[in-house]
Amino acid sequence: MYEKYFEQIATEGKARNLRESTIHSYQFYVRSFLERMTKPAEELACEDVRSYILERKEEGLSAATLNLYNSSVRFFFRHVLHKLWNEEVVPRMKLDYHLPEILTKEEIERLLSATKNIKHRAMIATMYSSGLRVSEVIHLHYDDISRRTMRIHVRESKSRYDRYTILSERNLELLTEYWFACRKPRGILFPSEWTGNCLDVGSVNQFLKQSARKAGIGRAFSSHALRHSFACHLLEAGVERHYIQELLGHRDPKSTEVYLHVSNKVLMGVKSPFDMIGSDGDA
């Protein structure tokens, strides 16, 4: 019923060089929106979108998810229906920001020990030791790993520009063990056993949760916690923030500054002034 609209979303997205994942996301959220509407798409107005989003908010959807609906339907209105979009009628919602989940070094070791599958263990180690997003590790190719310079070339970055990050010697040993054990892949470094293409993000998070349970890590966390832990542990080790920013591929320094809030201040040599009273002669 709505296929012509989804084809147009794809066409307009490709014309703007949007990622396939972004186009699919737009199609998904627009489909959910249209299925609840009681009138033709050509008759829809921003007031209809506002009512829909407020309705979904009452159903308990988060502000982040509602903003995805906002972005998707706005794209649909502007570039497919060619309707004006009124941000006063359909404003984006303020987000609640939460501190990132950080694993301790001991938990990282337990996680790796609990992961018996050599491919899964190599992927976890690569995400932690090099600060990669899960979407970046599943798109790694054999040629992206440089033994000579001890760097990893990250091509499929969220921010859409290439970067280099560090390659751990310990991780290189694990990657080498994996490579010989898994038929020496020359293209995609961690291909799907079923399709030979890139793994799905969901499957990575699934085996990560299984390993966490086996390792006795009770609290919930996602694959992104490995990247957060990489950054936080570097900060605690005294690495300057602008170097960490480059390794993570953050364009905005504020994205890196969040790790100051979750770092171990004791490891960074920061003492409370209360602990200094009496030790320096002050009364």
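**Working chat: R31, α11, T165 and a pocket**

Trainee: Let's start with R31: does R31 count as buried, partly exposed or exposed?

Mentor: R31 counts as partly exposed, because its relative accessibility is 32%. Keep in mind that this is a predicted model.

Trainee: Thanks! Where does R31 lie?

Mentor: R31 is part of helix α2, which covers residues 20-35.

Trainee: And what is R31 in contact with, once its neighbours within four places in sequence are left aside?

Mentor: Those contacts are with E3 and F6.

Trainee: I also marked V239. What separation do the C-alpha atoms of R31 and V239 have?

Mentor: That separation is 46 Å, for two residues 208 apart along the chain.

Trainee: Let's zoom out. How many helices and strands does the protein chain have?

Mentor: The count is 14 helices and three strands. As for extent, the C-alpha atoms fill a box of roughly 70 × 65 × 35 Å along the principal axes.

Trainee: What share of the residues count as buried?

Mentor: The chain has 283 residues, and 43% of them count as buried. Taking contacts with a separation of 6 or more, 62% join residues 24 or more positions apart.

Trainee: New topic, helix α11. Which residues are buried there?

Mentor: In α11, residues 241-248, the buried ones are I244, Q245, L247 and L248. They line one face of the helix, since they fall within an arc of 165° when seen down its axis.

Trainee: Why would residues a few places apart point the same way?

Mentor: An α-helix has 3.6 residues a turn, so residues three or four places apart point the same way.

Trainee: Nice. What do the buried residues of α11 pack against?

Mentor: They pack against strand β3 (163-166) and three helices: α10 (224-236), α12 (253-257) and α13 (259-262). Right after α11 comes G249, with a positive phi near 80°.

Trainee: You mentioned β3. Which strand is T165 found in, by the way?

Mentor: T165 is in β3 itself. T165 is buried, at a relative accessible area of 2%.

Trainee: What does T165 touch, not counting residues up to four places away in sequence?

Mentor: T165 touches S130, L132, M150, R151, I152, V154, F230 and L247. You met L247 before, as one of the buried residues of α11.

Trainee: What does the side chain of T165 reach?

Mentor: It reaches the backbone oxygen of S130, at 2.9 Å.

Trainee: So to S130: is S130 buried or exposed?

Mentor: S130 is buried, since its relative accessible area is 0%. S130 lies in helix α6. Not counting residues up to four places away in sequence, S130 touches I152, T165, I166, L167 and F230.

Trainee: And how many residues apart in sequence are S130 and R163?

Mentor: They are 33 residues apart in sequence, and their C-alpha atoms are 12 Å apart in space.

Trainee: Last topic, pockets. What volume does the second largest pocket have?

Mentor: The second largest pocket has a volume of about 310 Å³. Its lining has 17 residues, and N117, H120, S203, F207 and Q210 lie nearest the centre.

Trainee: Which helix gives the largest share of that lining?

Mentor: That is α9, with six residues. Both α6 (118-130) and α9 (201-214) supply at least two lining residues each.

Trainee: How many of the lining residues of the second largest pocket are nonpolar, polar and charged?

Mentor: By class, five are nonpolar, eight polar and four charged.

Note on methods:
Residues numbered from 1 in each chain as written. Heavy atoms only, no water. Helix = DSSP H or I, 4+ residues; strand = E, 2+ residues; numbered from the N terminus. Buried < 20%, exposed > 50% of the residue type's maximum accessible area, 1.4 Å probe, protein only. Contact = heavy atoms within 4.5 Å. Arc of directions from axis to C-beta. Polar contact = N/O pair within 3.5 Å; in protein donor to acceptor, adjacent residues only side chain to side chain. 1 Å grid on protein atoms, 1.4 Å probe; cavity = no way out; pocket = protein on both sides within 12 Å on 5 of 7 lines; lining within 4 Å. Points joined across faces, edges and corners; volume = space filled by probe spheres on them. Nonpolar A, V, L, I, M, F, W, Y, C, P; charged D, E, K, R; others polar.
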